[in-house]
Every structure is written in structure tokens, then in C-alpha cells.
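Take a look at the protein below. Where do its nonpolar side chains gather, and what lines its largest pocket?

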Amino acid sequence: MKKSTLAPILVAVAILLGACSSVPRTTSQLDSSRSDFVAAQNNPNVARYAPMELQQASIALDEANAAANHDDSIEKIDKLAYIAKQKIALAQEVAKQKNAEADIARSAKERDQMRLDQRTAEADQARNSAAQAQLSAQIANSDAAEAERKAREAERGTLEAQARAAQLQAQLDDLAAKKTDRGMVITLGDVLFGTDMARLNPEGMRTVQKLADVLQQNPQRTVLIEGFTDSTGSASHNMELSERRAMAVRSALSDLGIPGNRIAIHGYGQAYPVAANDTAGNRQMNRRVEIVLSDDTGKISQR
């Protein structure tokens with residue numbers, strides 16, 4: 001009875017021992033090496049900077065796993081697992097060192113780039129400043145040239161004005177013009193007209209031609225032509241004669257190209273004598289035509 005009961009138990013124990021002997025052997029050292037290897041594999045820096053070292057660690061771990069699968073001794077498995085662990089640690093250390101070097105290189109590159117950017121900015125600023133200075137110099141030169149040109153024009157204008165003034169003065173001197181409160185006055189005496197007539201004689205026409213030259217060369221100026229007589233004869237006759245003589249001068253100027261809007265006339269008859277009408281000489285002085293030349297604005301003061 002005891003023999004029959006013991007036999008099945010021994011068989012079960014044998015089967016259990018056989019099943020256990022088929023499970024690969026492992027150790028804590030090997031498990032630790034496997035864990036370290038997984039961590040190294042998952043570290044991108046190891047794959048990037050220490051691929052050869054990681055491969056050598058993989059080979060060493062494969063040898064330790066093979067020893068465990070072959071059911072080698074614990075001592076051999078731990079020895080191979082230790083070697084694998086050291087190579088895994090080496091791979092991680094190499095990756096760490098090279099990553100640090102890469103960080104340093106990146107930092108140096110960034111510093112170099114910052115310096116380059118700063119120098120570039122400084123160079124750009126220097127170029128901009130130089131360009132601005134050059135532009136300012138060009139503007140200054142242009143302003144100076146413009147100022148010089150205007151000064152030359154002003155000087156030339158002044159010289160031209162002085163020349164025109166001198167020429168006008170010479171022409172007025174030739175016409176025996178006199179300066180009065182009303183402006184320059186040119187007097188055409190009685191001898192420049194036919195006796196008791198309003199028609200200019202040749203000498204009178206030459207005088208009017210000189211006056212026309214003055215007006216053509218000074219287009220801003222106008223004239224007022226005033227006729228006068230002596231007191232001989234009726235007042236109406238004298239008024240009519242003075243007006244006709246003023247009109248004769250105006251017609252002569254118009255024939256010489258002077259526009260009518262620049263010529264005004266007025267007959268005064270025997271009014272405003274310049275001498276007493278008591279002698280023939282004095283009466284002849286009163287028989288006259290006065291031509292008043294305006295200022296540069298065309299203005300003439302009235303009597």
C-alpha cells in the first residue's frame with residue numbers, strides 16, 4: 001500500500017524537476033545588465049554618439065544571454081553579464097561625453113554666430129552711418145552749390161539791374177529828364193510842334209523815338225502824357241490844343257509799338273504854367289508837353 005502511493009509522487013516530482021530544468025537560467029547581474037541595455041537603447045544620444053560602443057555592449061550581452069540559455073554556471077553568466085554591463089556603461093559614458101562636447105560646440109557656434117551677427121549689425125550700422133554721412137555731404141554740397149548758384153544769379157541779377165539802371169539813366173539824361181516828386185519828367189517844348197499845331201516835327205519825332213526805346217527796354221513802366229498851353233487865346237481853344245498835342249505824342253508812341261494801355265493822356269490847357277505869361281519867352285515855356293515816367297511798378301502820382 002505504501003509502495004503504490006509513493007510511486008506517483010516520485011513521478012510528479014521528477015516531471016516538475018524536468019520542467020524546471022528547461023527554463024533558461026538568469027541572475028540578478030544579468031537582469032541588471034539587460035535593464036541597463038534597454039535604457040541605453042532608448043537613449044537617442046547613445047545611438048547618435050556611441051553606436052559602436054552600443055554594438056559591442058549588445059554582443060557582450062548576447063554572450064551572457066547565451067550562457068544563461070546553455071545553463072552555464074552562475075559564475076560564468078555573472079562574469080559575462082558584468083562585462084556586458086561595463087560595455088553598456090562605456091557606451092553611455094561615451095554618449096554623455098560626446099553630447100557634452102556637442103553642447104559645447106553648439107554653444108561656441110551660437111556664440112560665434114552671435115558675434116558674427118553683432119559684427120554684421122555693427123558693419124551694417126557703420127555702412128548706414130557712412131551712407132547717411134555721404135548723403136548728408138551730398139545734400140550739403142548740393143545746398144552749397146544751389147546757394148552758390150543763387151548767389152551768382154543774384155549777383156548777375158544785381159549787375160544786370162545796375163546795368164539797366166545805368167542805361168536808363170543815360171537815356172533819360174539824353175532826353176533831359178528831370179526828377180520830380182511825381183517821378184522822372186521829360187518835357188517836349190513848343191519848338192517840337194508846328195506853330196499852333198499838334199503835329200510833331202522831325203526833331204520831336206526823334207525825341208519820341210528815344211522815349212519809345214526806354215519803354216520797350218523797361219516793359220514794366222508806363223507814361224502819362226500831359227499837354228499845356230500859354231494863356232493866349234480862349235481857354236477852350238487852349239484845352240483842345242493841349243489835348244491834341246498830348247494825343248499826338250501818344251499816337252507816335254503807338255506807331256512805334258508801345259501798347260495803348262501803357263500810355264495815358266491829359267490836357268490841361270493854360271493851367272499849371274511854369275512861367276509868367278508876360279513875355280514871349282515865358283509863354284513859349286508854358287507851351288509844352290510833359291511826359292511822366294512811372295516807377296518800376298507802373299505807378300504814377302497824379303497832380
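This report covers the cores, the pocket and one helix residue of a predicted model.

## The largest nonpolar core

The largest nonpolar core has 26 residues. Leu188, Ile225, Val249, Leu253 and Ile291 touch the most other members. Several elements give two or more residues to this core. The helices are α5 (74–174), α6 (202–217) and α7 (235–255). The strands are β2 (183–189), β3 (223–228) and β5 (288–293). Helix α6 gives the most, with five residues.

Now follow one member. Beyond its neighbours within four places in sequence, Val249 is in contact with Leu188, Ile225 and Ile291. Val249 is also in contact with Phe193, Leu200, Val208 and Val289. In soluble globular proteins, nonpolar side chains tend to be buried together.

## A second core

There is a second, separate core. This one has 22 residues, including Ala40, Leu54, Ala68 and Ala95.

## The largest pocket

The largest pocket holds about 180 Å³ of space. Its lining has 12 residues. Nearest the pocket centre lie Asp196, Asp230, Thr232, Leu241 and Arg287.

Which kinds of residue make up the lining of the largest pocket? Six are polar, five are charged and one is nonpolar.

## A helix residue: Gln86

Gln86 sits in helix α5. Is Gln86 buried or exposed? Neither label fits: Gln86 counts as partly exposed because its relative accessibility is 40%. Buried would need under 20%, and exposed over 50%.

Gln86 and Ala57 are 29 residues apart in sequence. In space, their C-alpha atoms are 7.9 Å apart.

Note on methods
Residues numbered from 1 in each chain as written. Predicted model: local features only at pLDDT ≥ 70, side-chain atom pairs only at ≥ 80, totals over all residues. Heavy atoms only, no water. 1 Å grid on protein atoms, 1.4 Å probe; cavity = no way out; pocket = protein on both sides within 12 Å on 5 of 7 lines; lining within 4 Å. Points joined across faces, edges and corners; volume = space filled by probe spheres on them. Nonpolar A, V, L, I, M, F, W, Y, C, P; charged D, E, K, R; others polar. Core = buried A, V, L, I, M, F, W, Y, C linked by side-chain atoms within 4.5 Å. Buried < 20%, exposed > 50% of the residue type's maximum accessible area, 1.4 Å probe, protein only. Helix = DSSP H or I, 4+ residues; strand = E, 2+ residues; numbered from the N terminus. Contact = heavy atoms within 4.5 Å.
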